Amino acid sequence: MPETAAESLAIRFMTYNIQHGMGMEASIDIERTAAVIADAGPDVVFLQEVDRFVSRSGGADQIKRLAELTGLPHAEFGRSIDLDGGEYGNGILSRYPLRRLALLELPGEEPRSALVCRAELSSDPEARQELHLIATHLDYGSERCQLDSALSIRQASKLWRGAPAVLGGDFNAMPGSSVLQELQNGEWRAAPGGLGIPTYPSTKPLCQIDYLLLNHSARWGETSVQAWTEREASDHLPLIMDAVLHF
């Protein structure tokens, strides 16, 4: 998105559980997934349920393919588990150069992870305009695992206290849940209007389990949040946040 002023930048974020490209009619079509992302025009995308070299999705490197198809050239993948000859986990696509900082191992009946990256918003090395990003997918059904994961994410986010950061993903929890309260009592906050937006199931959204959270940096300005109503490409709707970042 374009700059709003010389000293601020408007950034569009998306979080999207892509179900490894599996649409609601039970066929895998990563080109369709890419079209949904491209149509929304995000600058940064947090992805969940991404296959990399997995047999069920034709051995494709889905994160690389999505970067090619969406025009978001910078991509990082974070493995959660080995699966069917490849890897399965989370990813980040970005218009801005990315530097991978960490991959947090998180608990779950199926092991989970959080991918931690830094986006360089300026090409001027003297400007140091940086944005920290965490992409995650929390355990389904275990409150204890979710709370332990929230603690790990909060501890990692202390590494850049005061600098702007965004946490995006499928939390498998609804607004008002203990894990949302834990995150919001610490390093993270929901943007105004960012809670209570149904994202699941995509064909008839009944509840919100996908989120984009901001940290408490004073550099965040005006924000708005909406669901992107593409219902066929995944069992989740993408969630979109427009945010102004001041320098």
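**Exercise 1. Work out how β7 sits between its neighbours in this predicted model: how many bridges join β7 to β8, and do the two run parallel or antiparallel?**

Step 1. Start on the β8 side. DSSP gives 6 bridges between β7 and β8, and these two strands run parallel.

Step 2. Pick out some partners. Ile134 has Leu167 of β8 as its bridge partner, while Leu133 stands opposite Val166 in β8.

Step 3. Now look at the β6 side. Here 7 bridges join β6 to β7, and the two run antiparallel. One pair to check on your screen is Arg118 with its bridge partner in β7, His132.

**Exercise 2. Place β7 in its sheet: what is the strand order, and which strands are at the edges?**

Step 1. Write down the order. The sheet is open and has 6 strands, running β5-β6-β7-β8-β10-β9, with mixed pairing.

Step 2. Find the ends. β5 and β9 are the edge strands, since each pairs on one side only.

Step 3. Add the geometry. From one strand to the next, the twist averages 25 degrees.

Step 4. Put the helix on. α3 packs on this sheet and touches β5, β6, β7, β8 and β9, with its direction at about 150 degrees to that of β5.

**Exercise 3. Decide whether β7 is buried or exposed, going face by face.**

Step 1. Take one side: Glu130, His132, Ile134 and Thr136 are all buried.

Step 2. Take the other: Leu131, Leu133, Ala135 and His137 are buried as well, so both faces are covered.

Step 3. Tally up. That's 8 of the 8 residues of β7 buried, so the strand is largely enclosed by the rest of the structure.

**Exercise 4. Describe α3: how far does the helix reach, and what do its buried residues pack against?**

Step 1. Get the span. α3 covers residues 143-157, which is 15 residues, and reaches 21 Å from its first C-alpha to its last, close to the expected 21 Å at 1.5 Å a residue.

Step 2. List what's tucked away. Buried here are Cys145, Gln146, Leu147, Ser149, Ala150, Ile153, Arg154, Ala156 and Ser157.

Step 3. Recall the helix geometry. With 3.6 residues a turn, residues three or four places apart point the same way.

Step 4. Look across the interface. The buried residues of α3 pack against strands β5, β6, β7, β8 and β9, and also against helix α4 (178-184).

**Exercise 5. Explain why Cys145 has no disulfide partner.**

Step 1. Check its surroundings. Cys145 is buried, at a relative accessible area of 16%.

Step 2. Find the closest cysteine sulfur. It belongs to Cys207 and lies 20 Å from the sulfur of Cys145, too far for a bond. The cut-off is 2.5 Å.

Step 3. Count. The chain comes out with 0 disulfides.

**Exercise 6. Zoom out: how compact is the protein chain?**

Step 1. Count the elements: 4 helices and 12 strands.

Step 2. Compare sizes. The radius of gyration is 17 Å, close to the 18 Å from the globule rule for 247 residues, so the chain is as compact as a globular protein of that length.

Step 3. Box it. Along the principal axes, the C-alpha atoms fill roughly 45 × 40 × 30 Å.

Step 4. Check the inside. Of the 247 residues, 54% count as buried. Among contacts with a separation of 6 or more, 66% come from residues 24 or more positions apart.

Key
Residues numbered from 1 in each chain as written. Predicted model: local features only at pLDDT ≥ 70, side-chain atom pairs only at ≥ 80, totals over all residues. Heavy atoms only, no water. Expected span 1.5 Å × (residues − 1). Buried < 20%, exposed > 50% of the residue type's maximum accessible area, 1.4 Å probe, protein only. Contact = heavy atoms within 4.5 Å. Pairing = 2+ DSSP bridges. Axes fitted to C-alpha atoms, helices over the stretch in contact; angles between N-to-C directions. Rg over C-alpha atoms; globule rule 2.2 N^0.38 Å.
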